[in-house]
Amino acid sequence: MAIPVLKLNLAPPPTLWRRQHTLLSWSVLGLGILALAAVGGLTWRAYHLANRVGREAFLLSRQTQDSIARQGSIQNQLKAINVQKELPRWRLAERILGERSSPWSRLTAELERSLVQDMRIRSLQRSRGTDQQVIVKLKGEARTRAAEAAFVESVEKNPYFAQIILDRENERPGGGVEFEFTMPLALTPPTYVALPTFGPLRKVEPSKAAVPVKLPVKPILKPAPVSNTPMAAMPTNPTGPRPGIIAAGNQPQGAPTRPLRQAPEPNSEEEGPRRRSRSLNRPNPEERR
């Protein structure tokens, strides 16, 4: 009897790993390297953020400590202040602040800008509210209600005033209206614009313009030329007469001469009576006897 043949295949079946094991292994290795790099980057970023947050927290803690120290020093200073003694100075400072923030000159200029015909202001009062807003109390009178309404409309158009509030209004027996207004000023007043000038502007005619006047130039006098000729020598005789009084016949040649001064002739009409000498005024002893 023949031996049967068994068909056996002992080779494993071909799989994806068996066919592409090299590619798959290198791919897995690359993915692992990328994951490791990503984890390292995220770790470094978290460490950097934690370090920065720690420094900011340290700075904030120091600032908090400094603030607490300053707060303590300020509290000590406030405790040392005598309110009753410093109150007049504070009121003066508040008054100066009010004057600078809304001076009377600006207030009157804006009211003058808003005034209308047949209306006048009787009194003004300025004060400061709790919210540090300047409030103006105005008392006035108008001939007609139309003038009052025109004034209210003019004030509402002026940006210097925040609003206008009517407090009291009554009619006068002789005609006209009396009123009181409360006008809070704007917290940030606009820039002041100068009021227009009245009358035409003066124009200087070119003919009447100032013409520069030329002053005469004085001639410069030159000094007279000095002669270089030497003067004659003075006489060496000390006992002799002076050169100015030497007679004409005895005058040496080349010597300078000086003319003799003549005595002025007396004028009997102009001169008064001459005074007598003391010898003439004395009395004669023989006459006394």
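**Figure 1. Order of secondary structure along the chain.** Read along the sequence of this predicted model, the chain follows the pattern α-α-α-β-β-α-β-β-α-α, and its secondary structure comes to six helices and four strands. Of the 289 residues of the chain, 13% count as buried, while the accessible surface comes to about 26200 Å², with 58% of that area belonging to carbon and sulfur atoms. Among the contacts in the chain with a separation of 6 or more, 54% are between residues 24 or more positions apart.

**Figure 2. Confidence along the model.** The mean pLDDT of the chain is 75, and 66% of the residues reach 70 or more. Among the elements, strand 4 (residues 177-184) has the highest mean pLDDT, 92, and helix 5 (residues 278-281) has the lowest, 48. Over residues 230-239 the pLDDT stays under 50, and the model has four contacts for this stretch beyond four places in sequence. Residues 241-252 likewise have a pLDDT below 50, with 12 contacts in the model beyond near neighbours in sequence. Where pLDDT is low, the predicted coordinates should not be read in detail.

**Figure 3. A nonpolar patch on the surface.** The residues I74, L78, I81, V83 and W90 form a nonpolar patch on the surface, and together they have about 460 Å² of accessible area. Helix 1 (16-80) and helix 2 (83-101) are the elements that give two or more residues to the nonpolar patch. One of the patch residues, L78, is found in helix 1, and L78 counts as exposed because its relative accessibility is 56%, where the cut-off for exposed is over 50%.

**Figure 4. The hairpin of strands 1 and 2, and the pairing of strand 2 with strand 4.** Strand 1 (residues 119-128) and strand 2 (residues 134-142) pair in the antiparallel sense over nine bridges, and within this pairing L124 stands opposite L138 in strand 2. The two strands form a hairpin with five residues between them, and in the turn Q132 has a positive phi of about 60°. Strand 2 also pairs with strand 4, again in the antiparallel sense, over eight bridges; here the bridge partner of K137 is T182, in strand 4.

**Figure 5. Salt bridge between the paired strands.** E141 forms a salt bridge with R120, the closest N and O atoms being 2.2 Å apart. Because E141 lies in strand 2 and R120 in strand 1, the pair ties together parts that are 21 residues apart in sequence. The two partners differ in burial class: E141 is buried, with a relative accessible area of 8%, whereas R120 counts as exposed at 51% relative accessibility.

**Figure 6. Salt bridges D118–R143 and R145–E169.** A search of the whole structure finds 13 salt bridges, including the one that D118 forms with R143, for which the closest N and O atoms are 3.8 Å apart. This pair links distant parts of the chain, with D118 in the loop between helix 3 and strand 1 and R143 in the loop between strand 2 and helix 4, 25 residues apart. D118 is partly exposed, with a relative accessible area of 33%, and R143 counts as exposed at 63% relative accessibility. R145 forms a salt bridge with E169, where the closest N and O atoms are 2.6 Å apart; R145 is in helix 4 and E169 in strand 3 (residues 165-171), so that this pair too links distant parts of the chain, 24 residues apart. Both partners are partly exposed, R145 at 43% relative accessibility and E169 with a relative accessible area of 32%.

**Figure 7. Helix 3, its packing and its charged residues.** The buried residues of helix 3 (residues 104-114) are R106, L107, A109, E110, L111 and S114, and they pack against strand 1, strand 2, helix 4 (145-157) and strand 4. Salt bridges that share partners join R106, E110 and R113 into one network. The C-alpha atom of E110 is separated by 9.9 Å from that of A194, although the two residues are 84 residues apart along the chain. The place of A194 is in the loop between strand 4 and helix 5, and A194 is exposed, with a relative accessible area of 56%.

Conventions
Residues are numbered from 1 along each chain as its sequence is written. This is a predicted model: local features need pLDDT of at least 70, side-chain atom pairs count only at pLDDT 80 or more; totals for chains, interfaces and linings use all residues. Side-chain values use heavy atoms; hydrogens and water are left out. pLDDT is the predictor's confidence in each residue, from 0 to 100. Contact means heavy atoms within 4.5 Å. Patches are made of residues with over 30% relative accessible area and no salt bridge: like charges are joined within 9 Å, nonpolar side chains (Val, Leu, Ile, Met, Phe, Trp, Tyr) within 5 Å. Accessible areas come from the Shrake-Rupley method with a 1.4 Å probe; for residues, only the protein chains shown count as cover. A salt bridge is a side-chain nitrogen of Lys or Arg within 4 Å of a carboxyl oxygen of Asp or Glu. Buried means under 20% relative accessible area, exposed over 50%, partly exposed in between (1.4 Å probe, protein chains only). Two strands pair if DSSP finds at least two bridges between them.
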